[in-house]
Amino acid sequence: QYSPDSVAGADGELDPTVVTFPGCSCRSSSCAAPQCPCLSRGHSYSGSGLAEQQEQPFSRPVFECNSLCCCGEGCHNRLVQRGLRLRLQVFRTRSKGWGVRALEPIPRGSFVCEYAGEVLGFAEAQRRVQAQSPQEPNYIIAVREHLHDGRVMETFVDPTCIGNVGRFLNHSCEPNLFMVPVRVDSMVPKLALFAAADISAGEELSYDYSGRFHNLPEASREQKPVEEENSLRKPCYCGSRKCAAFLPWDSSLFSTP
């Protein structure tokens with residue numbers, strides 16, 4: 001079932017459509033920092049994409065204006081919530097199954113699409129992963145955000161049965177997209193994919209499933225599995241010069257407490 005936005009999972013633990021953030025009282029057609037409280041919370045946009053971040057040990061969060069804000073629909077701080085605006089094509093690749101390619105040039109920093117699906121709690125995400133056979137495709141993504149005080153926020157999205165074009169994006173060890181959690185109405189983020197470089201028409205789109213790209217190495221829980229877990233790993237066919245031979249491995253959803 002195609003859905004442009006994420007929906008509440010069958011476990012009913014999280015509903016991404018519930019509005020819990022207050023709105024800004026900006027009366028201008030487009031909000032500006034530092035007056036707008038939405039913009040002052042985190043990183044901001046530049047035109048139709050993400051502004052370049054200065055070198056720092058962590059990435060700032062992104063908060064868009066929401067349905068309770070007084071600014072207009074044309075506010076430049078409303079980007080990911082507007083959804084897909086680019087021409088993309090799902091196509092059959094030679095060795096990786098389905099993939100997605102651009103049908104028009106995409107400038108660096110541009111918002112491309114969201115990775116949308118059912119938003120799940122940890123227990124349901126773990127149950128679904130463990131119910132799959134090693135031969136089945138696993139679309140569930142686990143995104144971990146490391147807070148300044150040491151806490152880790154986890155978001156699990158499963159587009160297996162309900163999702164959008166993002167579910168067809170392949171992994172690459174040298175990707176041209178990177179993922180950023182963007183919050184609009186609540187602490188449940190939209191998993192937004194932005195262009196990491198200028199992308200040509202016809203070029204396949206990909207991102208790094210491990211979270212290594214555009215993040216500190218220690219932010220990833222990717223690990224070398226023990227020998228008996230090797231059967232669960234899937235080979236990587238990205239074809240890049242830095243290909244790691246296997247898709248990223250994170251055993252947290254496979255382990256039992």
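I started with the open sheet of four strands, which runs in the order S4-S12-S13-S7 with mixed pairing. Strand S4 (62-63) and strand S7 (111-114) sit at the edges with a single partner strand each, so one side of each has no neighbour in the sheet.

Note to self on terms: strands are DSSP runs of E, at least two residues, numbered from the N terminus. Two strands pair if DSSP finds at least two bridges between them.

I should say that this is a predicted model, where local features need pLDDT of at least 70, side-chain atom pairs count only at pLDDT 80 or more, and totals for chains, interfaces and linings use all residues. Residues are numbered from 1 along each chain as its sequence is written, and side-chain values use heavy atoms, leaving out hydrogens and water.

Next I checked S12 (residues 177-183) against S13 (residues 190-195): they pair in the antiparallel sense over six bridges. Valine 182 has lysine 190 in S13 as its bridge partner.

Then I looked at S5 (residues 88-92) and S6 (residues 98-102), an antiparallel pair with five bridges. Phenylalanine 91 stands opposite glycine 99 in S6. This hairpin has five residues between its strands, and glycine 97 takes a positive phi near 75°.

Last, I looked up the second largest pocket (on a 1 Å grid over the protein atoms alone, an open set of points where a 1.4 Å probe fits, with protein on both sides within 12 Å along at least five of seven lines). Its volume, the space filled by probe spheres set on the points, is about 220 Å³. Lining residues (an atom within 4 Å of a point) include Asp5, Glu114, Val184 and Lys190.
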